[in-house]
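I'm opening a notebook page for this one. The plan is to go through the fold, the sheets, the charged pairs and a few odd spots, and jot down what I find.

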Amino acid sequence: MRDDAHILVVDDESVIREGIRRILENNNFRVDVAASGQVAVERLQEDDFDVVVTDLKMPGMSGMEVLKAIRILQPDVPVIIITGFSTVDTAVEAMKNGAFDYLAKPFTPDQILGIVEKALGQRAMLLENFYLKKELKDRHGFDSFVGESKAMQKVYRRIIQVAPTDSTVMITGESGTGKELVARAVHRNSPRKDQPFVAVDCTSLAESLLESELFGHVKGSFTGAVQTKTGLFKVADGGTLFLDEVSNISLTTQAKLLRVLQEREVTPIGGTKPVPIDIRLIAATNRSLKEMVGEGRFREDLFFRLNIIPVDLPPLRERQGDLPILIGHFLQKFSREIGKEIRGLTPGAMASLERHSFPGNVRELENIIERAVVLAAGDLIEEDDLELPSAAGEDAQLFCHYVPRTADELKETKRHVREQAVAPVERAFVLDALKRNDWNITRAAEEVGMLRPNFQALLKKQGISVREHSMNP
């Protein structure tokens, strides 16, 4: 039995929920609990689990619905259904839909431990088979991505998991992390790969033009509508529609977008007859839609409709080990394109890149290497060829090179500088709390006075793996 396995227990009855938690924790398992199906799905979006134990009958979101969500979010995770004797038939039906096994109430500690051990054994075999089938063609990346860090391996796995489905995907990440690359990778690995992939930059068009682009219009519907135009929803019919920077859509357009997603039909501006559509929607944003919902700038119902399968792209500074691989990739690419034979970087140039924080992420690195290849006088790139700001004045230099043009851009730039300053303090804070509590996330969060999801979000932000640190204190 693995004593480091991570298990999620879902039950609306606290006596059952906490009883199972005690049994499993007493046997050295790491256990999270959720009092509802909705909370369980949120946890599954935030963290990876080895086994899920869920009650079948719960108010709101049932155990069967939790099972269906897991089949998309973490399809290799065994699900154990807890049920009363009166609903055993339903539990058997759940097994037909992918559950590992069921356990009828009342049950003994030995019974729950035994079934969890069997589920862990099945997961080990599933994972081995999964990686044999999905072994990456290039050990340094996947599809059009370059990188082999744990953070990116998680992204690759999520793409492989979600691509065969028609579920809506929400890609989040800072500017320059490659959100459109994820959208295209999902499309290329999906059954829709031979159909259109249509990308829309929601920041590049005024609201009236964006609506016309998305939904289309009929001739004469407004000034300048000299001919009927087919909207991009219809152009993408049968394929994938990618809405980049969806946070920039106005509340009025958000309402129309929600209606299209609910009804699966679109009515052109000035038209009266709705047209059915068959698309897979992927959205992306570099801003927190949750915060925008709280501020009243993004519809909550649309947020939930878009955020079915989240894919969070890590910034370059959190992709440990990927920097040399990316540098080598871009060196080869631009040396070939520009027609120069560049063998590599001098030690000083490499050290400068390793110290750089890359606020512009992979896109910034790509631009730096392209410029350096052009400027290099010899076959090695020198530190001066990179034209990087000094490490001490990097944040100040950021303002010199980039002047915000809107209040939102100013807010985003200030946020970045502030995060850079507080990051070391946050990291020390969470590590110290975990050490004091023997690397137990729940106890550490309680001790410092934080909700567990918020404490866990800090861990994710800092790229801290409790499992790795607890094994190598």
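My entries follow, starting with the chain as a whole.

**Entry 1: the whole chain**

I note up front that this is a predicted model. I counted helices and strands and got 21 helices and 18 strands. Next I checked burial: of the 473 residues, 46% count as buried. The chain exposes about 23,600 Å², and carbon and sulfur atoms supply 52% of that area. I also looked at contacts with a separation of 6 or more, where residues 24 or more positions apart account for 69%.

**Entry 2: the sheet with strands 1 to 5**

What is the strand order in this open sheet? I read 2-1-3-4-5, with 5 strands and parallel pairing. Strand 2 (30-34) and strand 5 (101-104) stand at the edges with a single partner strand each, so one side of each has no neighbour in the sheet. From one strand to the next the twist averages 20°.

I then zoomed in on the strand 5 edge. Strand 4 (residues 79-83) pairs with strand 5 in the parallel sense, over 4 bridges. I looked up Thr83 and found its bridge partner in strand 5 to be Ala104.

Which strands does helix 1 touch? Helix 1 (residues 14-25) packs on the sheet and touches strand 1 (6-10), strand 2, strand 3 (51-55) and strand 4. The direction of helix 1 makes about 175° with that of strand 2. Helix 2 (residues 37-46) lies across strand 1, strand 2 and strand 3, and I have it running at about 160° to strand 1.

**Entry 3: the sheet with strands 8, 9, 12, 15 and 16**

I found another open sheet of 5 strands, with the order 9-12-15-8-16 and parallel pairing. Which strands stand at the edges? They are strand 9 and strand 16; each has a single partner strand, so one side of each is left without a neighbour in the sheet. The twist here averages 20° from one strand to the next.

I picked one pair to follow. Strand 12 (residues 240-244) and strand 15 (residues 280-285) pair in the parallel sense over 4 bridges. Within that pair, Phe242 stands opposite Ile282 in strand 15.

**Entry 4: salt bridges**

How many salt bridges does a search of the whole structure find? It finds 23. I looked up a few of them.

Lys105 forms one with Asp55, with the closest N and O atoms 3.6 Å apart. The two come from distant parts of the chain, 50 residues apart: Lys105 is in the loop between strand 5 and helix 5 (109-133), and Asp55 is in strand 3. Is Asp55 buried or exposed? At 4% relative accessibility, Asp55 counts as buried.

Arg192 pairs with Asp166, the closest N and O atoms being 2.9 Å apart. Arg192 sits in the loop between helix 7 (179-188) and strand 9 (197-201), and Asp166 in the loop between helix 6 (150-162) and strand 8 (169-172), so the bridge ties together parts 26 residues apart in sequence. Arg192 has 9% relative accessibility and therefore counts as buried.

Glu174 and Arg317 make another salt bridge, with closest N and O atoms 2.5 Å apart. This one links positions 143 residues apart: Glu174 is in the loop between strand 8 and helix 7, Arg317 in the loop between strand 16 (309-312) and helix 13 (322-338). I checked both ends. Glu174 is buried at 18% relative accessible area, whereas Arg317 counts as partly exposed at 34%.

I also found a network: Arg17, Glu18, Arg21 and Glu25 are joined by salt bridges that share partners.

**Entry 5: a surface patch**

Ile338, Val374 and Leu375 form a nonpolar patch on the surface. Together they have about 230 Å² of accessible area. I looked closer at Val374, which lies in helix 15 (residues 361-375). Its relative accessibility is 45%, so Val374 counts as partly exposed.

**Entry 6: Thr267**

Where does Thr267 lie? I placed it in the loop between strand 13 (265-266) and strand 14 (275-276). At 38% relative accessibility, Thr267 counts as partly exposed. Leaving aside neighbours within four places in sequence, I listed the contacts of Thr267 as Phe215, Thr272, Lys273 and Pro274. I also checked Thr267 against Val218: they are 49 residues apart in sequence and 9.9 Å apart in space, C-alpha to C-alpha.

Terms used. Residues numbered from 1 in each chain as written. Predicted model: local features only at pLDDT ≥ 70, side-chain atom pairs only at ≥ 80, totals over all residues. Heavy atoms only, no water. Pairing = 2+ DSSP bridges. Axes fitted to C-alpha atoms, helices over the stretch in contact; angles between N-to-C directions. Contact = heavy atoms within 4.5 Å. Patch = residues over 30% accessible without salt bridge, like charges linked within 9 Å, V, L, I, M, F, W, Y side chains within 5 Å. Areas by Shrake-Rupley, 256 points an atom, 1.4 Å probe, with all protein chains shown as cover. Salt bridge = Lys/Arg side-chain N within 4 Å of Asp/Glu carboxyl O. Buried < 20%, exposed > 50% of the residue type's maximum accessible area, 1.4 Å probe, protein only.
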